[in-house]
Amino acid sequence: MSIDLAIFVSGRGSNMEAIARACANGELDAKVAVVLANDATAAAVTIAQEYAIPAVVVANQGLSRQEHESKILTALSSYTFDFIVLAGYMRILTPDFLKHFRDPRGFYRVINIHPSLLPAFPGKSAYEEAFKYGVKVSGITVHLVDDQVDHGAILAQQAFPRHDEDTLETFMRRGLKVEHLLYPRVLQQVSQNGIKLQIRERESVEI
Ligand code: GRF
């Protein structure tokens, strides 16, 4: 099966490009139906255009979260897609927005990539925090989005080492390479096998 994606971006767009490239070279059986950016100056918008992917900008400046999300819904209504894929999208999506993308099985059809081994180091500075903490191993998580930040069911994780001689820059560079391999690979699994959910034991464990 092939899946159609709406990719949400805010900045550099290297993950979006990795996904677009994987679609173009046949490694990922998917189509990027639209790229949605909240910032017209995002490099990701130019990259989308280079790949001939429709890019829609809905700026959030001066809008309440609700107004912004309602404009996004209107902008997306001319496109059809199976999943929203967050790739460096720097805005938190509200439950009111997410409910428009609810799967009958009870999860949102929204996927995110986060640069740490969740639940360690949630939030927007994961690389910096993991590096500062002195971890010997870090990693990348691809997960479903739920109502809490960096929290939904984990679809895949891949670890990478932090070397003693690493600077934050070399550490991040190693992680980003993992991101670019992992995200298209997980989306390919979703495209081929759908989403298989695992119940989190920790939520039902009594101490
Ligand atoms: C990546 O590190 C991703 O894990 C995080 O934001 C960054 C986006 O980078 N959520 P890019 O825009 O894909 O280059």
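Strand E4, which spans residues 83–86 of this predicted model, sends the side chains of Phe83 and Val85 to one side and those of Ile84 and Leu86 to the other, and all four residues are buried. In a regular strand the side chains alternate between the two faces of the sheet. E4 pairs in the parallel sense with strand E1 (residues 3–9) over four bridges, and in this pairing leucine 5 stands opposite phenylalanine 83. E4 is also joined to strand E5 (residues 110–114), with which it runs parallel, by three bridges, and here the bridge partner of valine 85 is isoleucine 111 in E5.

Leucine 5 appears again when one turns to the packing of nonpolar side chains, since the largest nonpolar core has 46 residues, and those with the most contacts inside it are Leu5, Ile7, Ile19 and Tyr183. Helix H6 (residues 168–193) gives the most to this core, contributing eight residues. Leaving aside neighbours within four places in sequence, tyrosine 183 is in contact with a set of residues that includes Val85 and Leu86, together with Ile111 and Ile113, and also Asn15, Ile19 and Val142. A second core, separate from this one, has 20 residues, among them Phe8, Leu76, Tyr89 and Phe101.

Asn15 and Ile113, both contacts of tyrosine 183, are also found among the residues around the ligand, which are Arg12, Gly13, Ser14, Asn15, Gly88, Ile113, Pro115, Tyr127 and Glu179. Backbone atoms take part in several short distances here: a backbone N or O atom of glycine 13 lies 2.8 Å from an oxygen atom of the ligand, a polar backbone atom of asparagine 15 is 2.9 Å from an oxygen atom of the ligand, and a polar backbone atom of isoleucine 113 is 3.2 Å from a ligand nitrogen atom. On its own the ligand has 370 Å² of accessible area, of which the protein covers 86%.

A further polar site is centred on asparagine 38, which is placed in the loop between strand E2 (30–37) and helix H2 (43–50). Although it lies in a loop, asparagine 38 counts as buried because its relative accessibility is 10%, and the cut-off for that class is under 20%. Its side chain makes a polar contact of 2.8 Å with the side chain of serine 10, while another, of 3.0 Å, joins the side chains of asparagine 38 and asparagine 60. With neighbours within four places in sequence left aside, the contacts of asparagine 38 also include Val9, Val58, Ala59, His68, Tyr89 and Arg91, and of these Tyr89 belongs to the second nonpolar core.

How values were computed: Residues are numbered from 1 along each chain as its sequence is written. This is a predicted model: local features need pLDDT of at least 70, side-chain atom pairs count only at pLDDT 80 or more; totals for chains, interfaces and linings use all residues. Side-chain values use heavy atoms; hydrogens and water are left out. A nonpolar core is a set of buried Ala, Val, Leu, Ile, Met, Phe, Trp, Tyr and Cys residues joined through side-chain atoms within 4.5 Å. Buried means under 20% relative accessible area, exposed over 50%, partly exposed in between (1.4 Å probe, protein chains only). Helices (H or I, at least four residues) and strands (E, at least two) are DSSP runs, numbered from the N terminus. Contact means heavy atoms within 4.5 Å. A residue is near a molecule or strand if one of its heavy atoms lies within 4 Å of it. A polar contact is a pair of N or O atoms within 3.5 Å; within protein, one must be able to donate a hydrogen and the other to accept it, and residues adjacent in sequence count only if both atoms are side-chain atoms. Accessible areas come from the Shrake-Rupley method with a 1.4 Å probe; for residues, only the protein chains shown count as cover. Two strands pair if DSSP finds at least two bridges between them.
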